[in-house]
Amino acid sequence: MKKLLIINGPNLNLLGKREPDVYGSLTFESYFETLKTTFPEFELFYYQSNVEGLLIDKIHEVGFSYDGIILNAGAYTHTSIAIADAIRAIKTPVIEVHISNVHAREEFRHHSYLSAACKACVVGFGLDSYRLAIESFK
Ligand code: DQA
C-alpha cells in the first residue's frame with residue numbers, strides 16, 4: 001500500500017473554529033476520517049504543527065520512504081525558504097494544497113516559496129483540495 005502523509009502547518013489545528021467563512025466548519029480530524037474511508041487503497045497519515053522546524057523535521061523523516069506528502073504549510077507558504085529547501089532535499093514528491101483560493105485573497109498570499117519545489121499545487125477547493133491531491137497518487 002502506498003503511504004501518504006498529510007502535513008498541516010500553523011493555525012490549521014483550529015480548522016472548524018478558525019474563520020469558518022474562509023476555511024469551513026469541519027475539524028481536520030473529522031475530515032481525515034472521511035479521507036481514510038474514501039481511500040482504503042492508501043495508508044494515510046496526518047501530522048500538524050505550528051512550528052516551522054518541526055514541519056521540516058517531519059518532511060525529512062518521511063521524505064525518503066513515503067510515496068507522497070500533501071502539504072498545507074499555512075502562512076509559511078508565503079515566507080519559508082527553509083521549507084522550500086526541505087522539499088528540494090527529499091525524494092518523496094510533495095503536493096502543495098490550500099483550502100482557500102490564495103490568489104483571490106490579499107496580495108501577500110499570491111506568492112508561494114514552495115510551489116516551485118513541489119510536484120503540483122491544488123488550491124481553492126475547500127477541504128476537497130486534500131482529496132484531489134490524494135487522487136493524483138492513484
Ligand atoms: C492557507 C492559505 C494561507 O495563506 C493561510 O495563511 C493559511 C491557510 C489555506 O489553506 O487556504 O493558514 O494555506
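The paragraphs below walk through a predicted model, beginning with two helices and moving on to aromatic rings and charged side chains.

A good place to start is the meeting of helix H2, which spans residues 28-38, with helix H5, which spans residues 128-135, for their axes come within 11 Å and cross at roughly 35°. This crossing of H2 and H5 is right-handed. On the H2 side the contact is made by Phe28, Tyr31 and Leu35, while H5 contributes Asp128, Tyr130, Arg131 and Ile134. Sorted by class, the residues in the contact of H2 with H5 are five nonpolar and two charged, with no polar residue taking part.

Some of these names return when one looks at the aromatic rings, since Phe28, Tyr31 and Tyr130 belong, together with Phe32 and Tyr46, to one aromatic cluster. In total, the structure holds eight aromatic pairs. A pair of aromatic rings is described by the distance of the centres and the angle of the planes.

Rings can also be viewed together with charged side chains: Lys58 lies over the face of Tyr47, at 4.8 Å from the ring centre, and Lys119 lies over the face of Phe137, at 5.9 Å from the ring centre.

Which residue forms a salt bridge with Lys58? The partner is Glu61, and the closest N and O atoms of the two are 3.2 Å apart. Both Glu61 and Lys58 lie in helix H3, residues 52-62, where they are three residues apart, about one turn of the helix. Side chains of opposite charge can pair when their charged atoms come close, and the structure holds eight salt bridges.

Terms used: Residues are numbered from 1 along each chain as its sequence is written. This is a predicted model: local features need pLDDT of at least 70, side-chain atom pairs count only at pLDDT 80 or more; totals for chains, interfaces and linings use all residues. Side-chain values use heavy atoms; hydrogens and water are left out. Axes are lines fitted to C-alpha atoms, for helices over the stretch in contact, and angles run from 0 to 180 degrees between N-to-C directions. Helices (H or I, at least four residues) and strands (E, at least two) are DSSP runs, numbered from the N terminus. A crossing is left-handed if the near helix is turned anticlockwise from the far one by less than a right angle, and right-handed if clockwise. Contact means heavy atoms within 4.5 Å. Ala, Val, Leu, Ile, Met, Phe, Trp, Tyr, Cys and Pro count as nonpolar, Asp, Glu, Lys and Arg as charged, and the others, Gly among them, as polar. Rings of Phe, Tyr and Trp (its six-membered ring) pair if their centres lie within 6.5 Å; planes under 30 degrees apart count as stacked, over 60 as edge-to-face and the rest as tilted. A charge sits over a ring if NZ of Lys or CZ of Arg is within 6 Å of the ring centre and within 35 degrees of the ring normal. A salt bridge is a side-chain nitrogen of Lys or Arg within 4 Å of a carboxyl oxygen of Asp or Glu.
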